[in-house]
Amino acid sequence: MLSDRIGAKVRGSQDAPPLSMAEKLLLAFCAAALVFVCLAGYTQLDRQGKARAALTQVKAAQLAARAVSAQCYSAGTPFADQSTHDGFAEGIAEQIETLGALPGAVTLLQISEDGYTVEQLLYAEGDMRALYDAETGYTVWRAEQRIRFDRSEGA
């Protein structure tokens, strides 16, 4: 039996016969299963850690946006400009990213009618996305590319 053979090897008994092919395959399968479980657990913990980091960053972005918005309001300068790629007026996104010490990019999705209160804010860093919504709170998800179509010259 395999357990007897393993016990004999551990105790240092030299009289145990070598393992059969079935026993070797069973040991290899168990080792592979153990490695797979460890890797799956590590991957899950890593993704959870990245999600928590993205949540922290979007909260910092929301607070920084609130502070910069108050500065813009008191100075009478525009805060939002929906014609830009990030939804902020010129230089505002950089101020928010600097103030919040954000390694990712911030995009203004929705602003209130007063032009200074953030309703929805998106934070993107690597494959993680975090959304601040004034009504529903915070949402974090992982974005990964599934399909990509390139434009061809003839089409």
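This report describes a long helix, a four-stranded sheet, the salt bridges and the cysteines of a predicted model.

The model is predicted, and local features are given where pLDDT is at least 70, side-chain atom pairs count only at pLDDT 80 or more, and totals for chains, interfaces and linings use all residues. Residues are numbered from 1 along each chain as its sequence is written, and side-chain values use heavy atoms, with hydrogens and water left out.

**Helix H2**

Helices and strands are taken as DSSP runs numbered from the N terminus, a helix being H or I over at least four residues and a strand being E over at least two. Helix H2 covers residues 21-75, and its 55 residues should span 81 Å at 1.5 Å a residue, which agrees with the 80 Å between its end C-alpha atoms; the expected span is 1.5 Å times one less than the number of residues. After H2 comes glycine 76, which has a positive phi near 75 degrees.

In what follows, a residue is buried under 20% relative accessible area, exposed over 50% and partly exposed in between, with a 1.4 Å probe and protein chains only. The buried residues of H2 include Ala51, Ala54, Val58, Ala61, Ala65 and Val68, and among them are also Glu23, Gln57 and Gln62. An α-helix has 3.6 residues a turn, so residues three or four places apart point the same way.

Glutamate 23 lies in helix H2 and counts as buried because its relative accessible area is 12%. Its side chain reaches the backbone nitrogen of serine 20 at 3.0 Å, which falls under the rule for a polar contact (a pair of N or O atoms within 3.5 Å; within protein, one must be able to donate a hydrogen and the other to accept it, and residues adjacent in sequence count only if both atoms are side-chain atoms).

**The sheet**

Four strands form an open sheet in the order S1-S2-S3-S4, with antiparallel pairing, where two strands pair if DSSP finds at least two bridges between them. Strand S1 (105-111) and strand S4 (137-142) are the edge strands, each pairing on one side only.

S1 and S2 are joined in the antiparallel sense over six bridges, and strand S2 (residues 118-125) pairs with strand S3 (residues 128-133), likewise antiparallel, over six bridges. Leucine 121 of S2 stands opposite leucine 108, and the bridge partner of leucine 121 in S3 is tyrosine 132.

Both hairpins contain a glycine with positive phi: in that of S1 and S2, with six residues between the strands, glycine 115 has a phi near 85 degrees, and in that of S2 and S3, with two residues between the strands, glycine 126 has a phi near 60 degrees.

**Salt bridges**

Side chains of opposite charge can pair when their charged atoms come close. With a salt bridge defined as a side-chain nitrogen of Lys or Arg within 4 Å of a carboxyl oxygen of Asp or Glu, the count comes to three.

| Pair | Closest N to O |
|---|---|
| aspartate 46 and lysine 50 | 3.7 Å |
| aspartate 127 and arginine 142 | 3.2 Å |
| arginine 148 and aspartate 150 | 3.0 Å |

Aspartate 46 and lysine 50 both lie in helix H2, four residues apart, about one turn of the helix; aspartate 46 is partly exposed at a relative accessible area of 30%, and lysine 50 is partly exposed at 42%.

The side chains of aspartate 127 and arginine 142 meet in a salt bridge. This pair links distant parts of the chain, with aspartate 127 in the loop between S2 and S3 and arginine 142 in strand S4, 15 residues apart. Aspartate 127 is partly exposed, with a relative accessible area of 26%, and arginine 142 is partly exposed, with 35%. In the remaining pair, arginine 148 and aspartate 150 are each exposed.

**Cysteines**

A search of the whole structure finds zero disulfides, a disulfide being a pair of cysteine sulfur atoms within 2.5 Å. Cysteine 30 is in no disulfide, and the nearest cysteine sulfur, that of cysteine 38, is 13 Å away. Cysteine 30 is partly exposed, since its relative accessible area is 43%, whereas cysteine 72 counts as buried at 5% relative accessibility.
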